[in-house]
Amino acid sequence: MQNPAEWHDDIIIINDTLKLHSVNDPFIEPLYQLVERNKAYLQQAMEWPKSVVSSNDIRRTVQGNYQLHHRGYAKMFMILRHDAVCGVMSFNQIEPTNKAAYIGYWLDEGLQGQGIISQALQAMMQHYANEGSVRRFVIKCIVTNHASNQVALRNGFVLEGCLKQAEYLNGAFHDQNIYARIIDKPSQTGH
């Protein structure tokens, strides 16, 4: 395991305007502002935005995720568009033995429909598949979250099943679709 003093930022270039940058302290305030602007929208699909009342709430999340990111238990990336934070792409949990990662994401409501999440998702999956650390990618989302279900389907994920009343959101339990995609690391021998 690396010494925290040796940790460095991870950056995954998506294209000329988009990149993923691992979570760290300089993103606290921009991320807080983005959550505040999108709070009502985010609360339709996620429980956590309700608990964000100040930038200190984001600070605790960022600092915790910084530790998890560099220790390999999770990965949290800021989606940057023209170097401005516009969303988050993460592996909320990584199972190293199983080489499985559970994906979470959200994007500024005003930027939806431009393929940003799909591009970020493809870049992140390819990066970790090529590295050989993850081969099974999983997306879980409530059945009524049409946008997230479409992201999974558009990006080659297969619906594996429906978990009954598996997610508590806005005072009720919701059924949750579970999607997966397996990407094996390309052979190094060329066969």
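In what order do the 8 strands of the open sheet follow one another? In this predicted model, the order is S1-S2-S3-S4-S5-S6-S8-S7, and the pairing within the sheet is mixed. The edges are taken by S1 and S7, each of which has a single partner strand, so that one side of each is left without a neighbour in the sheet. From one strand to the next, the twist averages 25 degrees.

At the S1 edge, strand S1 (residues 11–13) runs antiparallel to strand S2 (residues 18–22), to which it is joined by 3 bridges, and the two form a hairpin with 4 residues between them. Within this pair, Ile13 stands opposite Lys19 of S2. Strand S2 also pairs with S3 in the antiparallel sense, here over 5 bridges, with Ser22 placed opposite Phe77 of S3. Of the 5 residues of S2, 4 are buried, and this strand is therefore largely enclosed by the rest of the structure.

At the S7 edge, strand S7 (residues 158–169) and strand S8 (residues 172–182) run antiparallel and are joined by 8 bridges, with Tyr179 of S8 serving as the bridge partner of Leu159. The hairpin of S7 and S8 has 2 residues between the strands, and in this hairpin Asn170 adopts a positive phi near 50 degrees.

Most residues other than glycine have a negative phi, and against this background two further loop residues merit description. His82, located in the loop between strand S3 (75–81) and strand S4 (84–95), has a phi near 50 degrees, a positive value in a residue other than glycine. With a relative accessible area of 54%, His82 is classed as exposed because its value lies over the 50% cut-off. The C-alpha atom of His82 is separated by 8.5 Å from that of Lys19, although the two residues are 63 residues apart along the chain; Lys19 is also the residue of S2 that faces Ile13. Lys99, which is not a glycine either, likewise shows a positive phi, of about 50 degrees, and is found in the loop between S4 and strand S5 (100–107). Its relative accessible area is 35%, a value at which Lys99 counts as partly exposed.

Turning to the helices, helix H3 (residues 116–131) lies across S1, S2, S3, S4, S5, strand S6 (136–142) and S8, and runs at about 135 degrees to S3.

Two packed helices are described by the angle between their axes and the distance between the axes. For helix H1 (residues 28–42) and helix H2 (residues 55–71), the axes come within 9 Å and cross at roughly 120 degrees, which means that H1 is oblique to H2. The crossing in which H1 passes H2 is right-handed. On the H1 side, the contact is made by Ile28, Glu29, Leu31, Tyr32 and Val35, and on the H2 side by Ser55, Ile58, Arg59 and Val62. Sorted by class, the residues in the contact of H1 with H2 comprise 6 nonpolar, 1 polar and 2 charged.

How values were computed
Residues numbered from 1 in each chain as written. Predicted model: local features only at pLDDT ≥ 70, side-chain atom pairs only at ≥ 80, totals over all residues. Heavy atoms only, no water. Buried < 20%, exposed > 50% of the residue type's maximum accessible area, 1.4 Å probe, protein only. Pairing = 2+ DSSP bridges. Axes fitted to C-alpha atoms, helices over the stretch in contact; angles between N-to-C directions. Parallel < 35°, antiparallel > 145°, perpendicular 65-115°, else oblique. Left-handed = near helix turned anticlockwise from the far one by under 90°. Contact = heavy atoms within 4.5 Å. Nonpolar A, V, L, I, M, F, W, Y, C, P; charged D, E, K, R; others polar.
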